[in-house]
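Let's take a walk through a protein together, going from the whole fold down to single residues. Keep the picture beside you as you read.

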Amino acid sequence: MSLTKRPYKGTRDFFPKEKRIQDYIFNIMKSVAHSFAYEHYDGPLLEEVELYKAKSGEELINEQIYSFYDRGERFVAIRPEMTPTLARMVAQIHKEEPRPIRWFSIPNLYRYEKPQRGRLREHWQLNCDIFGAPNGEGEFEIIQMLITLLTKFGANNKHFSICINDRKIVDKVFEHILKVSGELSYKLYKIIDKSKKVSSVALDKMIDETALSTEQKNLFKKYIQSSTIEKMNSFLSENSQVDALDDLNKLFNDAKNLNINQFLTYDPTIVRGLDYYTGIVFEVFDLNPQNPRAICGGGSYSDLLKIFGEKPLPGIGFGMGDVTLTDFLKTHDLLPDLSTPKNDLFISFQHDDCRIFSFKLAHELRKADLRVVSNFSALKFKKVFPLAEKKGAHFVAFMDELELRDQSVQIKNTQTKEQKSFKLNDIESIVSYILQK
Ligand code: HAM
(Lines give C-alpha, C1' and ligand atoms only; values in the text may rest on other atoms or scores of the structure.)
Protein backbone atom coordinates (compact mmCIF):
# COMPACT_ATOMS: atom_id res chain seq x y z
CA MET A 1 0.00 0.00 0.00
CA SER A 2 1.37 3.42 -0.89
CA LEU A 3 1.30 6.36 1.53
CA THR A 4 -1.05 9.30 1.13
CA LYS A 5 0.41 12.42 -0.47
CA ARG A 6 -1.97 14.61 1.50
CA PRO A 7 -0.87 16.66 4.51
CA TYR A 8 -2.21 15.76 7.97
CA LYS A 9 -5.92 16.70 8.38
CA GLY A 10 -6.44 20.42 8.91
CA THR A 11 -2.89 21.40 7.91
CA ARG A 12 -1.61 22.81 4.65
CA ASP A 13 1.30 22.22 2.31
CA PHE A 14 2.56 25.57 1.14
CA PHE A 15 3.62 25.15 -2.48
CA PRO A 16 5.51 28.19 -3.81
CA LYS A 17 2.26 29.71 -5.11
CA GLU A 18 0.66 29.62 -1.63
CA LYS A 19 3.91 30.53 0.12
CA ARG A 20 4.16 33.69 -2.01
CA ILE A 21 0.76 34.77 -0.66
CA GLN A 22 1.82 34.02 2.91
CA ASP A 23 5.13 35.88 2.45
CA TYR A 24 3.27 38.88 1.02
CA ILE A 25 0.92 38.89 4.04
CA PHE A 26 3.71 38.42 6.59
CA ASN A 27 5.81 41.19 5.03
CA ILE A 28 2.96 43.69 5.40
CA MET A 29 2.30 42.48 8.95
CA LYS A 30 5.97 42.93 9.86
CA SER A 31 6.28 46.34 8.26
CA VAL A 32 3.18 47.67 10.06
CA ALA A 33 4.33 46.20 13.40
CA HIS A 34 7.75 47.82 12.89
CA SER A 35 6.11 51.14 11.99
CA PHE A 36 4.56 51.13 15.49
CA ALA A 37 8.01 50.20 16.93
CA TYR A 38 6.92 46.69 18.01
CA GLU A 39 9.89 44.35 18.41
CA HIS A 40 9.97 40.84 16.97
CA TYR A 41 10.09 37.90 19.43
CA ASP A 42 9.47 34.17 19.25
CA GLY A 43 9.05 31.25 21.64
CA PRO A 44 9.06 27.45 21.64
CA LEU A 45 6.52 25.25 19.87
CA LEU A 46 6.10 23.15 23.03
CA GLU A 47 5.02 24.37 26.45
CA GLU A 48 3.96 22.59 29.62
CA VAL A 49 0.17 22.07 29.63
CA GLU A 50 0.03 23.80 33.05
CA LEU A 51 0.74 27.09 31.32
CA TYR A 52 -2.56 26.93 29.43
CA LYS A 53 -4.51 25.40 32.31
CA ALA A 54 -3.82 28.49 34.39
CA LYS A 55 -5.82 30.98 32.31
CA SER A 56 -6.75 29.97 28.77
CA GLY A 57 -10.09 28.34 29.58
CA GLU A 58 -11.88 25.00 29.45
CA GLU A 59 -12.62 24.88 25.72
CA LEU A 60 -8.96 25.18 24.79
CA ILE A 61 -7.81 22.63 27.35
CA ASN A 62 -10.62 20.07 27.01
CA GLU A 63 -11.29 20.20 23.30
CA GLN A 64 -8.54 21.88 21.32
CA ILE A 65 -5.12 21.25 22.75
CA TYR A 66 -2.63 18.77 21.27
CA SER A 67 -0.96 17.31 24.35
CA PHE A 68 1.24 14.34 25.17
CA TYR A 69 3.76 13.05 27.70
CA ASP A 70 7.35 13.46 26.57
CA ARG A 71 10.02 10.81 27.25
CA GLY A 72 10.74 12.47 30.58
CA GLU A 73 7.05 12.18 31.64
CA ARG A 74 6.43 15.92 31.27
CA PHE A 75 2.90 16.74 30.14
CA VAL A 76 3.41 19.09 27.19
CA ALA A 77 1.30 20.79 24.52
CA ILE A 78 1.93 22.14 21.06
CA ARG A 79 1.17 25.83 21.47
CA PRO A 80 -2.51 26.55 20.70
CA GLU A 81 -1.99 30.29 21.22
CA MET A 82 0.90 32.65 21.89
CA THR A 83 -0.33 34.83 24.75
CA PRO A 84 0.67 32.48 27.62
CA THR A 85 4.18 32.06 26.14
CA LEU A 86 4.42 35.82 25.71
CA ALA A 87 3.33 36.42 29.32
CA ARG A 88 5.87 33.84 30.53
CA MET A 89 8.63 35.59 28.57
CA VAL A 90 7.60 39.09 29.67
CA ALA A 91 7.51 37.86 33.28
CA GLN A 92 11.23 37.07 32.96
CA ILE A 93 12.40 40.48 31.77
CA HIS A 94 9.78 43.15 32.49
CA LYS A 95 11.65 44.64 35.43
CA GLU A 96 14.64 45.57 33.26
CA GLU A 97 12.71 46.69 30.16
CA PRO A 98 11.59 50.29 29.63
CA ARG A 99 7.80 50.48 29.52
CA PRO A 100 5.67 50.08 27.63
CA ILE A 101 6.92 46.80 26.18
CA ARG A 102 5.76 46.45 22.58
CA TRP A 103 6.32 43.07 20.94
CA PHE A 104 5.05 41.12 17.95
CA SER A 105 5.39 37.59 16.62
CA ILE A 106 3.93 35.39 13.84
CA PRO A 107 3.89 31.86 15.30
CA ASN A 108 2.21 28.78 13.89
CA LEU A 109 -0.33 27.34 16.32
CA TYR A 110 -2.14 24.02 16.62
CA ARG A 111 -5.73 23.48 17.72
CA TYR A 112 -7.69 20.27 17.34
CA GLU A 113 -10.66 21.74 15.46
CA LYS A 114 -13.12 20.37 12.96
CA PRO A 115 -11.57 21.74 9.75
CA GLN A 116 -13.92 24.14 7.93
CA ARG A 117 -13.80 27.51 6.20
CA GLY A 118 -11.76 29.81 8.45
CA ARG A 119 -10.82 27.02 10.88
CA LEU A 120 -7.90 24.62 10.49
CA ARG A 121 -5.73 22.62 12.86
CA GLU A 122 -2.61 24.60 12.08
CA HIS A 123 -2.64 28.31 11.45
CA TRP A 124 -0.24 31.22 11.68
CA GLN A 125 -1.23 34.15 13.83
CA LEU A 126 0.14 37.67 14.00
CA ASN A 127 0.33 38.60 17.69
CA CYS A 128 0.88 42.22 18.69
CA ASP A 129 0.86 43.02 22.40
CA ILE A 130 1.74 45.95 24.59
CA PHE A 131 2.52 45.77 28.33
CA GLY A 132 2.63 48.54 30.92
CA ALA A 133 0.92 51.30 28.90
CA PRO A 134 -1.03 53.96 30.85
CA ASN A 135 -4.74 53.23 31.27
CA GLY A 136 -6.54 53.10 27.93
CA GLU A 137 -3.55 54.14 25.81
CA GLY A 138 -2.46 50.59 24.96
CA GLU A 139 -6.02 49.72 23.95
CA PHE A 140 -6.20 52.66 21.58
CA GLU A 141 -2.80 51.97 20.04
CA ILE A 142 -3.68 48.32 19.43
CA ILE A 143 -6.94 49.28 17.71
CA GLN A 144 -5.11 51.90 15.64
CA MET A 145 -2.54 49.31 14.60
CA LEU A 146 -5.25 46.89 13.55
CA ILE A 147 -6.88 49.51 11.35
CA THR A 148 -3.54 50.58 9.86
CA LEU A 149 -2.77 46.96 9.06
CA LEU A 150 -6.06 46.15 7.34
CA THR A 151 -6.04 49.42 5.39
CA LYS A 152 -2.44 48.67 4.27
CA PHE A 153 -3.88 45.57 2.61
CA GLY A 154 -6.28 47.88 0.78
CA ALA A 155 -9.35 47.22 2.96
CA ASN A 156 -11.83 49.93 4.00
CA ASN A 157 -14.81 50.23 6.34
CA LYS A 158 -17.10 48.60 3.76
CA HIS A 159 -14.99 45.45 4.08
CA PHE A 160 -14.56 44.97 7.82
CA SER A 161 -15.64 46.15 11.24
CA ILE A 162 -14.02 45.94 14.66
CA CYS A 163 -16.67 44.86 17.18
CA ILE A 164 -15.78 46.04 20.66
CA ASN A 165 -16.98 45.49 24.19
CA ASP A 166 -15.56 45.84 27.69
CA ARG A 167 -15.57 42.93 30.12
CA LYS A 168 -15.74 45.46 32.95
CA ILE A 169 -19.26 46.32 31.74
CA VAL A 170 -20.25 42.65 31.81
CA ASP A 171 -18.72 42.23 35.27
CA LYS A 172 -20.65 45.26 36.55
CA VAL A 173 -23.88 43.96 35.04
CA PHE A 174 -23.33 40.58 36.70
CA GLU A 175 -22.26 41.96 40.06
CA HIS A 176 -24.54 44.97 40.51
CA ILE A 177 -27.53 44.38 38.24
CA LEU A 178 -27.99 40.60 38.05
CA LYS A 179 -26.20 40.08 41.36
CA VAL A 180 -24.60 36.79 40.33
CA SER A 181 -21.05 35.57 40.80
CA GLY A 182 -18.74 32.53 40.60
CA GLU A 183 -19.78 29.50 38.54
CA LEU A 184 -23.05 31.10 37.39
CA SER A 185 -21.38 34.23 36.00
CA TYR A 186 -18.82 32.00 34.22
CA LYS A 187 -21.77 30.15 32.61
CA LEU A 188 -23.41 33.42 31.59
CA TYR A 189 -20.16 34.55 29.96
CA LYS A 190 -20.18 31.41 27.85
CA ILE A 191 -23.83 32.03 26.88
CA ILE A 192 -23.02 35.60 25.78
CA ASP A 193 -20.05 34.27 23.80
CA LYS A 194 -22.35 31.83 21.96
CA SER A 195 -25.35 34.15 21.65
CA LYS A 196 -24.73 35.21 18.03
CA LYS A 197 -23.63 31.78 16.89
CA VAL A 198 -26.94 30.07 17.78
CA SER A 199 -30.60 30.67 16.86
CA SER A 200 -32.75 32.85 19.15
CA VAL A 201 -34.71 29.74 20.19
CA ALA A 202 -31.49 27.98 21.21
CA LEU A 203 -30.35 31.09 23.03
CA ASP A 204 -33.62 31.34 24.99
CA LYS A 205 -33.29 27.66 25.87
CA MET A 206 -29.75 28.17 27.18
CA ILE A 207 -30.91 31.11 29.29
CA ASP A 208 -33.98 29.21 30.55
CA GLU A 209 -31.77 26.37 31.71
CA THR A 210 -29.71 28.62 34.00
CA ALA A 211 -30.48 29.10 37.69
CA LEU A 212 -31.47 32.75 37.12
CA SER A 213 -34.82 34.06 38.39
CA THR A 214 -37.33 35.38 35.81
CA GLU A 215 -36.35 38.96 36.63
CA GLN A 216 -32.64 38.15 36.25
CA LYS A 217 -33.31 36.38 32.95
CA ASN A 218 -35.07 39.47 31.60
CA LEU A 219 -32.23 41.72 32.68
CA PHE A 220 -29.71 39.34 31.14
CA LYS A 221 -31.65 39.36 27.83
CA LYS A 222 -31.87 43.14 27.99
CA TYR A 223 -28.09 43.28 28.32
CA ILE A 224 -27.61 41.09 25.22
CA GLN A 225 -30.14 43.18 23.27
CA SER A 226 -28.52 46.54 24.12
CA SER A 227 -26.74 46.54 20.80
CA THR A 228 -25.63 50.18 20.59
CA ILE A 229 -23.67 52.40 22.96
CA GLU A 230 -26.85 54.51 23.40
CA LYS A 231 -28.99 51.48 24.29
CA MET A 232 -26.32 50.17 26.67
CA ASN A 233 -26.02 53.63 28.18
CA SER A 234 -29.74 53.72 28.98
CA PHE A 235 -29.73 50.12 30.26
CA LEU A 236 -26.84 50.93 32.59
CA SER A 237 -28.25 54.27 33.73
CA GLU A 238 -31.67 52.69 34.47
CA ASN A 239 -29.65 50.49 36.83
CA SER A 240 -27.30 53.24 38.13
CA GLN A 241 -24.15 51.78 36.55
CA VAL A 242 -23.45 54.31 33.80
CA ASP A 243 -19.76 54.80 34.68
CA ALA A 244 -19.11 51.24 33.42
CA LEU A 245 -18.98 52.74 29.92
CA ASP A 246 -16.20 55.27 30.68
CA ASP A 247 -13.28 53.37 29.11
CA LEU A 248 -15.23 52.46 26.02
CA ASN A 249 -16.47 56.03 25.58
CA LYS A 250 -12.87 57.28 25.81
CA LEU A 251 -11.77 54.77 23.17
CA PHE A 252 -14.57 55.75 20.78
CA ASN A 253 -13.80 59.45 21.35
CA ASP A 254 -10.10 59.00 20.62
CA ALA A 255 -11.03 57.06 17.49
CA LYS A 256 -13.31 59.90 16.41
CA ASN A 257 -10.49 62.40 16.82
CA LEU A 258 -8.28 60.32 14.54
CA ASN A 259 -11.16 59.85 12.12
CA ILE A 260 -11.05 56.07 12.43
CA ASN A 261 -14.31 55.63 14.36
CA GLN A 262 -16.06 54.41 11.19
CA PHE A 263 -14.21 51.10 11.66
CA LEU A 264 -15.60 50.51 15.16
CA THR A 265 -18.91 48.97 16.27
CA TYR A 266 -20.08 48.46 19.81
CA ASP A 267 -21.21 44.86 20.39
CA PRO A 268 -22.31 43.60 23.83
CA THR A 269 -22.01 39.97 22.72
CA ILE A 270 -18.22 40.15 22.29
CA VAL A 271 -16.70 38.70 25.45
CA ARG A 272 -14.09 36.31 23.93
CA GLY A 273 -13.69 32.62 24.66
CA LEU A 274 -10.37 32.89 26.49
CA ASP A 275 -10.55 33.40 30.25
CA TYR A 276 -7.70 35.83 30.85
CA TYR A 277 -9.32 38.98 29.42
CA THR A 278 -10.30 41.59 31.99
CA GLY A 279 -11.12 44.81 30.09
CA ILE A 280 -11.66 45.93 26.49
CA VAL A 281 -12.26 42.97 24.16
CA PHE A 282 -12.75 42.98 20.39
CA GLU A 283 -13.09 40.87 17.28
CA VAL A 284 -12.71 41.89 13.66
CA PHE A 285 -15.36 40.66 11.24
CA ASP A 286 -15.53 40.56 7.49
CA LEU A 287 -18.72 42.38 6.43
CA ASN A 288 -19.19 39.79 3.69
CA PRO A 289 -21.29 36.98 5.23
CA GLN A 290 -19.29 34.45 3.21
CA ASN A 291 -16.64 34.72 5.95
CA PRO A 292 -18.48 34.55 9.28
CA ARG A 293 -15.41 33.68 11.39
CA ALA A 294 -13.51 36.48 13.12
CA ILE A 295 -10.39 37.59 11.27
CA CYS A 296 -8.83 38.70 14.51
CA GLY A 297 -9.51 38.71 18.22
CA GLY A 298 -7.95 40.32 21.23
CA GLY A 299 -8.33 42.36 24.34
CA SER A 300 -6.72 43.50 27.54
CA TYR A 301 -5.61 41.24 30.34
CA SER A 302 -4.34 42.71 33.60
CA ASP A 303 -3.55 39.60 35.66
CA LEU A 304 -1.66 37.23 33.39
CA LEU A 305 1.75 37.89 34.97
CA LYS A 306 0.38 36.98 38.39
CA ILE A 307 0.49 33.26 37.50
CA PHE A 308 4.29 33.56 37.47
CA GLY A 309 4.33 35.14 40.94
CA GLU A 310 4.81 38.64 39.48
CA LYS A 311 2.90 41.83 40.28
CA PRO A 312 0.12 42.55 37.77
CA LEU A 313 1.27 44.29 34.62
CA PRO A 314 -1.56 45.23 32.25
CA GLY A 315 -1.24 43.84 28.77
CA ILE A 316 -3.36 44.21 25.66
CA GLY A 317 -3.02 42.65 22.25
CA PHE A 318 -4.55 40.78 19.37
CA GLY A 319 -4.10 37.66 17.33
CA MET A 320 -4.87 37.75 13.60
CA GLY A 321 -5.00 34.43 11.80
CA ASP A 322 -3.57 33.85 8.32
CA VAL A 323 -6.45 31.55 7.27
CA THR A 324 -9.23 34.03 7.95
CA LEU A 325 -7.19 36.97 6.69
CA THR A 326 -6.40 35.20 3.40
CA ASP A 327 -10.10 34.35 2.90
CA PHE A 328 -10.92 38.00 3.62
CA LEU A 329 -8.35 39.35 1.15
CA LYS A 330 -9.40 36.89 -1.55
CA THR A 331 -13.12 37.61 -1.07
CA HIS A 332 -12.56 41.35 -1.54
CA ASP A 333 -10.02 40.90 -4.32
CA LEU A 334 -7.31 42.61 -2.29
CA LEU A 335 -4.40 40.32 -3.17
CA PRO A 336 -1.95 41.30 -5.89
CA ASP A 337 -1.26 38.85 -8.72
CA LEU A 338 1.17 36.38 -7.16
CA SER A 339 0.54 33.56 -9.61
CA THR A 340 4.14 33.56 -10.88
CA PRO A 341 7.41 34.18 -9.05
CA LYS A 342 9.03 37.61 -9.40
CA ASN A 343 12.56 37.61 -10.82
CA ASP A 344 14.66 40.31 -12.43
CA LEU A 345 16.48 38.40 -15.13
CA PHE A 346 16.42 35.09 -16.98
CA ILE A 347 19.85 34.34 -18.44
CA SER A 348 19.94 31.95 -21.34
CA PHE A 349 22.57 31.02 -23.91
CA GLN A 350 22.16 29.52 -27.33
CA HIS A 351 25.67 28.11 -27.83
CA ASP A 352 27.33 25.66 -25.43
CA ASP A 353 30.55 27.69 -25.35
CA CYS A 354 28.65 30.59 -23.70
CA ARG A 355 27.86 28.50 -20.64
CA ILE A 356 30.56 29.73 -18.29
CA PHE A 357 30.07 33.38 -19.39
CA SER A 358 26.38 33.19 -18.54
CA PHE A 359 27.21 31.77 -15.10
CA LYS A 360 29.80 34.51 -14.51
CA LEU A 361 27.26 37.16 -15.44
CA ALA A 362 24.68 35.66 -13.06
CA HIS A 363 27.32 35.54 -10.31
CA GLU A 364 28.13 39.25 -10.67
CA LEU A 365 24.50 40.37 -10.90
CA ARG A 366 23.53 38.48 -7.75
CA LYS A 367 26.19 40.48 -5.90
CA ALA A 368 24.04 43.53 -6.77
CA ASP A 369 21.05 41.75 -5.15
CA LEU A 370 19.29 41.08 -8.44
CA ARG A 371 17.12 37.96 -8.68
CA VAL A 372 18.64 35.95 -11.48
CA VAL A 373 17.44 32.69 -13.04
CA SER A 374 20.22 30.70 -14.72
CA ASN A 375 19.44 28.20 -17.41
CA PHE A 376 21.83 25.25 -17.29
CA SER A 377 22.10 24.28 -20.95
CA ALA A 378 21.90 25.88 -24.39
CA LEU A 379 18.31 26.83 -25.15
CA LYS A 380 16.68 27.28 -28.54
CA PHE A 381 15.75 30.93 -29.01
CA LYS A 382 12.00 30.23 -29.44
CA LYS A 383 11.92 28.51 -26.03
CA VAL A 384 13.56 31.41 -24.16
CA PHE A 385 10.60 33.75 -23.71
CA PRO A 386 7.92 31.23 -22.70
CA LEU A 387 10.30 29.85 -20.06
CA ALA A 388 11.31 33.31 -18.85
CA GLU A 389 7.62 34.20 -18.48
CA LYS A 390 6.98 31.11 -16.33
CA LYS A 391 9.89 32.15 -14.12
CA GLY A 392 8.42 35.66 -13.79
CA ALA A 393 11.54 37.34 -15.22
CA HIS A 394 11.23 41.01 -16.15
CA PHE A 395 14.35 40.88 -18.37
CA VAL A 396 15.82 38.17 -20.56
CA ALA A 397 19.51 37.81 -21.48
CA PHE A 398 20.75 35.74 -24.40
CA MET A 399 24.16 34.98 -25.89
CA ASP A 400 25.03 33.20 -29.11
CA GLU A 401 28.17 32.89 -31.27
CA LEU A 402 28.17 36.57 -32.16
CA GLU A 403 28.00 37.68 -28.51
CA LEU A 404 30.69 35.11 -27.64
CA ARG A 405 33.00 36.66 -30.21
CA ASP A 406 32.74 40.21 -28.90
CA GLN A 407 32.14 39.28 -25.23
CA SER A 408 28.68 40.85 -25.05
CA VAL A 409 25.15 39.97 -24.03
CA GLN A 410 21.72 40.99 -25.37
CA ILE A 411 19.21 42.02 -22.70
CA LYS A 412 15.54 42.49 -23.47
CA ASN A 413 12.86 44.10 -21.31
CA THR A 414 9.91 41.70 -21.62
CA GLN A 415 7.39 44.46 -20.90
CA THR A 416 8.59 47.35 -23.10
CA LYS A 417 10.28 45.00 -25.64
CA GLU A 418 13.32 47.28 -25.61
CA GLN A 419 16.52 45.32 -26.30
CA LYS A 420 20.10 46.43 -25.65
CA SER A 421 23.57 45.00 -26.05
CA PHE A 422 26.08 45.27 -23.19
CA LYS A 423 29.70 44.30 -22.76
CA LEU A 424 29.85 41.35 -20.38
CA ASN A 425 32.24 43.17 -18.06
CA ASP A 426 30.09 46.31 -17.87
CA ILE A 427 28.13 45.04 -14.86
CA GLU A 428 27.31 48.54 -13.63
CA SER A 429 25.42 49.46 -16.83
CA ILE A 430 23.58 46.13 -16.86
CA VAL A 431 22.50 46.60 -13.24
CA SER A 432 21.25 50.15 -13.79
CA TYR A 433 19.38 49.11 -16.97
CA ILE A 434 17.61 46.35 -15.05
CA LEU A 435 16.92 48.46 -11.98
CA GLN A 436 15.27 51.17 -14.08
CA LYS A 437 12.60 48.67 -15.15
P1 HAM B 1 -8.23 33.74 19.33
O2 HAM B 1 -9.50 34.49 19.19
O3 HAM B 1 -8.29 32.37 19.87
O4 HAM B 1 -7.27 34.64 20.22
O5 HAM B 1 -7.52 33.70 17.92
C6 HAM B 1 -7.25 34.87 17.22
C7 HAM B 1 -7.48 34.68 15.73
O8 HAM B 1 -6.72 33.56 15.27
C9 HAM B 1 -8.91 34.34 15.34
O10 HAM B 1 -9.70 35.49 15.22
C11 HAM B 1 -8.69 33.64 14.00
O12 HAM B 1 -8.42 34.60 12.97
C13 HAM B 1 -7.40 32.90 14.23
N14 HAM B 1 -7.65 31.50 14.60
C15 HAM B 1 -7.86 30.99 15.83
N16 HAM B 1 -8.04 29.65 15.79
C17 HAM B 1 -7.94 29.32 14.48
C18 HAM B 1 -8.04 28.09 13.75
N19 HAM B 1 -8.25 26.94 14.35
N20 HAM B 1 -7.88 28.13 12.40
C21 HAM B 1 -7.64 29.28 11.76
N22 HAM B 1 -7.53 30.47 12.39
C23 HAM B 1 -7.69 30.50 13.72
C24 HAM B 1 -6.05 34.26 20.66
O25 HAM B 1 -5.46 33.28 20.27
C26 HAM B 1 -5.42 35.26 21.60
N27 HAM B 1 -4.26 34.64 22.21
C28 HAM B 1 -5.09 36.53 20.84
C29 HAM B 1 -4.46 37.59 21.69
C30 HAM B 1 -3.21 38.10 21.59
N31 HAM B 1 -5.06 38.23 22.68
C32 HAM B 1 -4.21 39.10 23.20
N33 HAM B 1 -3.08 39.04 22.56
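**A guided walk through the fold**

Lysine 417 sits in the loop between β16 (408–413) and β17 (419–423). Please keep in mind that you are looking at a predicted model. The phi angle of lysine 417 is near 70°, a positive value in a residue other than glycine. Most residues other than glycine have a negative phi, and most peptide bonds are trans. Is lysine 417 buried or exposed? Its relative accessible area is 55%, and because exposed means over 50%, lysine 417 counts as exposed.

Now step back and look at the whole protein. There are 16 helices and 17 strands in it. How far does the C-alpha trace span along its principal axes? The answer is about 95 × 55 × 50 Å. The radius of gyration is 28 Å, whereas a compact globule of 437 residues would have one near 22 Å. Of the 437 residues, 50% count as buried. The protein exposes about 22400 Å², and carbon and sulfur atoms supply 50% of that area.

Two further totals help to describe the chain. Among contacts with a separation of 6 or more, 68% come from residues 24 or more positions apart. As for charge, the protein carries 62 positive and 60 negative side chains, and the centres of these two sets lie 5 Å apart.

Let's go on to a pair of strands. Strand β3 (residues 66–69) pairs with strand β4 (residues 75–78) in the antiparallel sense, over four bridges. One of the partnerships joins tyrosine 66 to isoleucine 78 in β4. Together β3 and β4 make a hairpin with five residues between them, and in the turn glutamate 73 has a positive phi of about 65°. In a regular strand the side chains alternate between the two faces of the sheet.

Next, find helix α4 (residues 83–93). How many of its eleven residues are buried? Eight of them are, so helix α4 is largely enclosed by the rest of the structure. The buried residues are Thr83, Pro84, Thr85, Leu86, Ala87, Met89, Val90 and Ala91. What do they pack against? Their neighbours are β2 (46–48), α2 (49–55), β5 (101–105), β7 (122–131) and β11 (296–301). An α-helix has 3.6 residues a turn, so residues three or four places apart point the same way.

Follow the chain onward from α4 and you reach proline 100, in the loop between α4 and β5. The peptide bond from arginine 99 to proline 100 is cis, with omega near 0°. Both of these residues turn up again around glycine 132, which lies in the loop between β7 and α5. Leaving aside residues up to four places away in sequence, glycine 132 touches Arg99, Pro100, Leu313 and Pro314. For a contrast, try lysine 256: it is 124 residues from glycine 132 along the chain, and their C-alpha atoms are separated by 24 Å.

A second covered helix is α12 (residues 322–331), where eight of the ten residues are buried. Those eight are Asp322, Val323, Thr324, Leu325, Thr326, Asp327, Phe328 and Leu329. Their cover includes α1 (16–35), β7, α5 (137–152), β8 (160–166), β10 and β12 (315–321). After α12 comes aspartate 333, with a positive phi near 55°.

Our last stop is the loop between β9 (264–266) and β10 (280–286), where valine 271 lies. Why does valine 271 count as buried? Its relative accessibility is 1%, and buried means under 20%, so valine 271 falls in that class. Not counting residues up to four places away in sequence, valine 271 touches Asn165, Arg167, Val170, Tyr189, Ile192, Asp193 and Val281. Valine 271 and isoleucine 164 are 107 residues apart in sequence, yet their C-alpha atoms are 8.8 Å apart in space.

Arginine 272 also has its place in the loop between β9 and β10. Although arginine 272 is not a glycine, its phi is positive, at about 75°. Is arginine 272 buried or exposed? Arginine 272 is buried, with a relative accessible area of 12%. Compare that with lysine 417 from the start of our walk, which has a positive phi as well but is exposed.

Definitions and conventions. Residues are numbered from 1 along each chain as its sequence is written. This is a predicted model: local features need pLDDT of at least 70, side-chain atom pairs count only at pLDDT 80 or more; totals for chains, interfaces and linings use all residues. Side-chain values use heavy atoms; hydrogens and water are left out. Helices (H or I, at least four residues) and strands (E, at least two) are DSSP runs, numbered from the N terminus. The radius of gyration is taken over C-alpha atoms; the globule rule is 2.2 Å times the number of residues to the power 0.38. Buried means under 20% relative accessible area, exposed over 50%, partly exposed in between (1.4 Å probe, protein chains only). Contact means heavy atoms within 4.5 Å. Accessible areas come from the Shrake-Rupley method with a 1.4 Å probe; for residues, only the protein chains shown count as cover. Lys and Arg count as positive and Asp and Glu as negative; His and the chain ends are not counted. The place of a charge is taken as NZ of Lys, CZ of Arg, CG of Asp or CD of Glu. Two strands pair if DSSP finds at least two bridges between them.
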